[in-house]
Amino acid sequence: MTATSLLPWRPKPKTNELFSSWLRRLALGNSEKIQTFCHLLWPGRQLWNRDTDAIAPAEILLSLASRTGRNISVLEKTTLRAFEGVVFEEVRVKVATRSVLPLGVYHRTRRLGGQQWCPACLEEDAQPYYRLDWRLAFSTSCSKHGVILHDRCPSCGEPAVPHRGVDPQCHLCGFDRRMSPVAVADSRALQLEHAMRAVAYGTGTPPPPLRDLHPLAYFDLTRQVFSIVSSNPRSSRLRETVCRYFGGDPSPPSRAIKSAAFENLSTADRHRTVAIGARLLDGWPFNFVGLCAEAGMWKSWAMRGDQRHIPFAYARPVETFLQPR
Ligand SMILES: [Zn+2]
Ligand SMILES: [Zn+2]
């Protein structure tokens, strides 16, 4: 391997493969160690002690495009920027990006379970790889296998750090992520997430009656619903009301910090939230306003949150129907 030529092994990114996952496979196909590979190509550049999938510097992508003979637009689509203008306005580097799971990068390790995985997908892959949408907060299940994703090692509780150790084994305890226990996903959450992923990847439109919304407004609306379900002073009454009529699990998020952003909840907590959110979004806005009124989720509560991200399609029914009597 010389410093400028085409690399000897140049795998194509797999379907929906995440940038860091592809880069890891590329590095290990050409070198014994990921760090050696990166050091040879980009001496002095630190790629792994930050969220590489969010940052993915342009010069690194350009260099990779020329070293692999691939179009840079193909590589761009493996980074979280693929969802810009659709799921969120833009990837934020210094602060949290809406709907993206934070990794909590701290030196060489990670404190948060922002890198989710489906054990059945990893098991099926000839070469296990990580999907781009596993980094999104509303993705808590796998459409293909109907199971709930994992966000922490079932054996030691550490987040996944695939570029460390021998992936798909946990870098800390060696547990094989393909062996993670499978839990069947809630069917309403599965349907909703499947539709949301299609919108995120540009292969589908929001389900009716929200079909005509711009994707950004659609993702803002759903996130606002998830937020009042999970971390609002009236959340528990709302969860109990929804579950009484439509089933589901009303228990509170296990790390119940009152102001915890949706993105900071565990996968299991977000899954229960999405399941309840799906029941509220059905037949928008009538289920939503009826259930909110019954739960006492009046306007002052329902409108809590970042006002710049509350779309008109959410604010209008709240203004019209959720004024306290
Ligand atoms: Zn799967
Ligand atoms: Zn472990």
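Which residues coordinate the zinc ion (ligand 2)? In this predicted model, where local features need pLDDT of at least 70, side-chain atom pairs count only at pLDDT 80 or more and totals for chains, interfaces and linings use all residues, the zinc ion (ligand 2) is bound by the SG atoms of C153, C156, C170 and C173, at 2.3 Å. Residues are numbered from 1 along each chain as its sequence is written, chains are lettered from A and ligands numbered from 1 in the order in which they are written, and side-chain values use heavy atoms, with hydrogens and water left out.

Donors are N, O and S atoms within 2.8 Å of the metal (3.2 Å for Na, K and Ca); water is not among the atoms, so sites may look incomplete. Around the zinc ion (ligand 2) the four donor atoms subtend angles of 104 to 115 degrees, and the arrangement is therefore tetrahedral (four donors with all angles between 85 and 135 degrees). Along the chain these donors follow the spacing C-x2-C-x13-C-x2-C. C170 is buried, at 4% relative accessibility, whereas C173 is partly exposed, with a relative accessible area of 36%. Buried means under 20% relative accessible area, exposed over 50% and partly exposed in between (1.4 Å probe, protein chains only).

The zinc ion (ligand 1) is coordinated by C118 (SG), C121 (SG), C142 (SG) and H145 (ND1), at 2.1 to 2.3 Å. Its four donor atoms subtend angles of 102 to 115 degrees, so this arrangement is tetrahedral. The donor residues are spaced C-x2-C-x20-C-x2-H in sequence. Of these, C121 in helix α6 (residues 119-124) and H145 in the loop between β3 (141-142) and β4 (147-148) link distant parts of the chain, 24 residues apart. Helices (H or I, at least four residues) and strands (E, at least two) are DSSP runs, numbered from the N terminus. C121 is buried at 6% relative accessible area, and H145 is partly exposed at 24%.

Helix α8 (residues 215-230) packs on helix α9 (residues 235-246) at an angle of about 100 degrees, with the axes 6 Å apart. The two helices are therefore roughly perpendicular (65 to 115 degrees). In the contact (heavy atoms within 4.5 Å), S227, I228, V229 and S230 of α8 meet S235, L238 and R239 of α9. The residues of this contact comprise three nonpolar, three polar and one charged; Ala, Val, Leu, Ile, Met, Phe, Trp, Tyr, Cys and Pro count as nonpolar, Asp, Glu, Lys and Arg as charged, and the others, Gly among them, as polar.

In helix α13 (residues 312-321), the buried residues are A313, Y314, A315, P317 and V318. These buried residues pack against α8, α11 (286-295) and α12 (299-302).

Technical notes
Four donors count as tetrahedral if all angles lie between 85 and 135 degrees; four count as square planar and six as octahedral if opposite donors are over 155 degrees apart and all others between 65 and 115; anything else is irregular. Axes are lines fitted to C-alpha atoms, for helices over the stretch in contact, and angles run from 0 to 180 degrees between N-to-C directions. Angles under 35 degrees count as roughly parallel, over 145 as roughly antiparallel, 65 to 115 as roughly perpendicular and the rest as oblique.
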